[in-house]
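Subject: Structure handover

Hi,

Here is the structure I promised to pass on. Please have a look at it first, and then read my notes below.

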Amino acid sequence: MRLPYIPDPPPTSSSEEDRIVAAVRARRAPRPLQPLDLTLLHSPPVADGWNSFLGAVRTRTTLPQDVRELAISRVAVVNRAWYEWAHHAPLAVQGGVGEGLMERVKEPGALKLGDGEGFTERQWVALVYADEMTRNVEVADETFRRLRELFSEREVVEITATVAAYNCVSRFLVALDVGEKNGLGPDAALHH
């Protein structure tokens, strides 16, 4: 980590900061505060906004766990955010994605429509969409057309917000080396 983590329990200097720490703890429960939290709490207002936004993206959308966690995992691979990978790849497996398929998710090359053997069509299109958004920002018309055919308008917004949010997360994690995972790769990150 390029900065020191805030101690746990985090020091606070106002009732507002107490509220923010309590809200972050509540979202993480039953787990303790994570290294990401102990980094964000250097700026309580940023931690507060982050907690609210990422809490909504992670826990209040209608996306099924497999699609959500695959998209997040793909962002992690493309951005080499191995701390993010270590947290979300197991959640994709828990959501029903086979370990062998996760091996394909962590391949670094660009994904293409039609190459998703073994994945459901919805899973593969979400992965390609996440890959294109992360690599190129712009998404090919054909990719968006397939996404739109397979997902409701609400789901399209939720997938897009998830990919965008986790691009933010991964860039924060990698720039500050939160969790000390930079340079490890996906396999080492899971066991480090």
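Let me begin with helix H4, which runs over residues 65-79. Its 15 residues reach 21 Å from the first C-alpha to the last, close to the 21 Å expected at 1.5 Å a residue. Please keep in mind that this is a predicted model. H4 is also mostly covered, with 14 of its 15 residues buried. Just after the helix comes Arg80, whose phi is positive at about 55°.

H4 lies in a stretch that UniProt annotates: the unreviewed entry gives residues 44-99 as "domain: Carboxymuconolactone decarboxylase-like". Over those residues the chain is 80% helix and 0% strand, and the end C-alpha atoms are 37 Å apart.

Two aspartates also caught my eye. Is Asp37 buried or exposed? This residue of helix H2 (residues 35-40) counts as buried because its relative accessibility is 4%, and the cut-off for buried is under 20%. The Asp37 side chain reaches the backbone nitrogen of Gln34 at 2.8 Å. Leaving aside residues up to four places away in sequence, Asp37 touches Val24 and Arg28.

Asp18 sits in helix H1, which covers residues 15-28. With 42% relative accessibility, Asp18 counts as partly exposed. If you would like a long distance to check in your viewer, try the C-alpha atoms of Asp18 and Glu103: they are separated by 42 Å, and the two residues are 85 apart along the chain.

Happy to talk it through whenever suits you.

Best wishes

Key
Residues numbered from 1 in each chain as written. Predicted model: local features only at pLDDT ≥ 70, side-chain atom pairs only at ≥ 80, totals over all residues. Heavy atoms only, no water. UniProt positions renumbered as here; feature names shortened; annotations may be inferred. Expected span 1.5 Å × (residues − 1). Buried < 20%, exposed > 50% of the residue type's maximum accessible area, 1.4 Å probe, protein only. Polar contact = N/O pair within 3.5 Å; in protein donor to acceptor, adjacent residues only side chain to side chain. Contact = heavy atoms within 4.5 Å.
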